[in-house]
Amino acid sequence: MVASPAVARIIQTFPLLQWLVHLVLTRCMRLIRALFGGRQLMQQAKGQKEQQVLDLVLKSTPSGNPQAILDAIDNYAWTSGFLMNIGDRKGAIMDEALHRYQPKVALELGGYIGYSAIRIARNLPPGGKLYSIEPNETHVRIARRMIQHAGLDDKVEVLQSILTESIQALHQKGVQTFDFALIDHVKHLYLQDLLVLQKNGFLKRGSVVVGDNVLTPGSPVFRQYLKESNDFATTEHVSNLEYSNYVLDIVTVSEYRGKEGMQ
């Protein structure tokens, strides 16, 4: 059963209720992780689950077919094991933003196994480029192979790094501004890295920034900043947490209207 729009509106209207829901969900997730035990946590830490997904994709999908790859990943996450992707439902919200703004140069913070990179890159025009920044070595390796299998490696460059350590490299690659950015990495870094993009002149008027998991697990300071800032015109899209029919989440789509250049 999918959470109703009425429930979503009630939760968004009362900040205390939002906090209580977030607290309950957080503690439930901790309990689930504890019940699963150390073996599964170790397996995830080593990237074995992500490797299984890559192996499945390589065996079951034809090369050069991005949609088949996305479908295979989504099916695994719905039926076999949770994956930290934006997912099919919220991915459709991102797709809509991509179709509307038609970016040529894009950025992704938090590449994971390449799912979102494939969703973004398939929507880029000829000559378009996505820079996907991901610090985890195993995830970088898997993402690069996944993107190659999709036939999109000419449009995507995966950087094993974090944003604050990638600024010089991006400039050296000729990047001046991004038309589109997906923020989907460590939640407490959302606002910090958004401000890094602003202060380093990577955003121009009309650039769009998409934020995933803004409600669950949540990035309250990022969300509040977007609400209060005159530099962004933001729309909040209520959906469900990736691969869940019960837990609410929010995707933000924000058009930049602030100053251009270094700040």
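In this predicted model, helix α10 lies across five strands, namely β1 (105–109), β4, β5, β6 and β7. Relative to β5, the helix runs at about 165°. Helix α10 is also part of the path from β4 to β5, and this β-α-β crossover is right-handed.

The strands beneath this description belong to an open sheet of seven, arranged in the order β3-β2-β1-β4-β5-β7-β6 with mixed pairing. At its edges stand β3 (156–159) and β6; each has a single partner strand, so one side of each is left without a neighbour in the sheet. From one strand to the next, the twist averages 15°. As a general point, strands of a sheet pair through backbone hydrogen bonds, in either a parallel or an antiparallel sense.

Both senses can be followed here, strand by strand. Strand β4 (residues 178–183) pairs with β5 (residues 203–211) in the parallel sense, over five bridges. Within that pairing, Leu 182 has Val 210 of β5 as its bridge partner. On the way to β7 the sense becomes antiparallel, with four bridges between β5 and β7. Val 210 appears again at this point, standing opposite Val 253 in β7. Strands β6 and β7 also run antiparallel, and nine bridges join them. One example is Thr 234, whose bridge partner in β7 is Ser 254.

Attention now turns to the side chains. In soluble globular proteins, nonpolar side chains tend to be buried together. The largest nonpolar core of this model has 40 residues, and those with the most contacts inside it are Ile 73, Leu 83, Ile 120, Met 146 and Phe 180. Helix α5 gives the most to this core, with six residues. The surroundings of Leu 83 give a closer view: apart from residues up to four places away in sequence, Leu 83 touches Lys 49, Val 53, Ile 73, Tyr 76, Ala 77, Tyr 112, Ile 113, Glu 242 and Tyr 243. A second, separate core of 28 residues includes Ile 167, Ile 183, Val 214 and Phe 222.

Aromatic rings add a further set of links, with six aromatic pairs in the structure. Trp 78 and Tyr 243 form an edge-to-face pair, 5.8 Å centre to centre with 85° between the planes. This pair links distant parts of the chain, 165 residues apart: Trp 78 is in helix α5 (residues 66–79), while Tyr 243 is in the loop between β6 (232–240) and β7 (248–256). Trp 78 counts as partly exposed because its relative accessibility is 32%. Tyr 243, with a relative accessible area of 11%, is buried.

Tyr 190 and Phe 222 form another edge-to-face pair, at 5.2 Å centre to centre and 85° between the planes. Tyr 190 lies in helix α10 (residues 190–199) and Phe 222 in helix α12 (residues 220–228), so their pairing ties together parts that are 32 residues apart in sequence. Tyr 190 counts as buried, at 0% relative accessibility, and Phe 222 is buried too, with a relative accessible area of 0%. Elsewhere, ring pairs link Tyr 131, Phe 178 and Phe 202 into a cluster.

Key. Residues numbered from 1 in each chain as written. Predicted model: local features only at pLDDT ≥ 70, side-chain atom pairs only at ≥ 80, totals over all residues. Heavy atoms only, no water. Phe/Tyr/Trp six-rings, centres within 6.5 Å; stacked < 30°, edge-to-face > 60°. Helix = DSSP H or I, 4+ residues; strand = E, 2+ residues; numbered from the N terminus. Buried < 20%, exposed > 50% of the residue type's maximum accessible area, 1.4 Å probe, protein only. Core = buried A, V, L, I, M, F, W, Y, C linked by side-chain atoms within 4.5 Å. Contact = heavy atoms within 4.5 Å. Pairing = 2+ DSSP bridges. Right-handed = clockwise from strand over helix to strand, strands pointing away. Axes fitted to C-alpha atoms, helices over the stretch in contact; angles between N-to-C directions.
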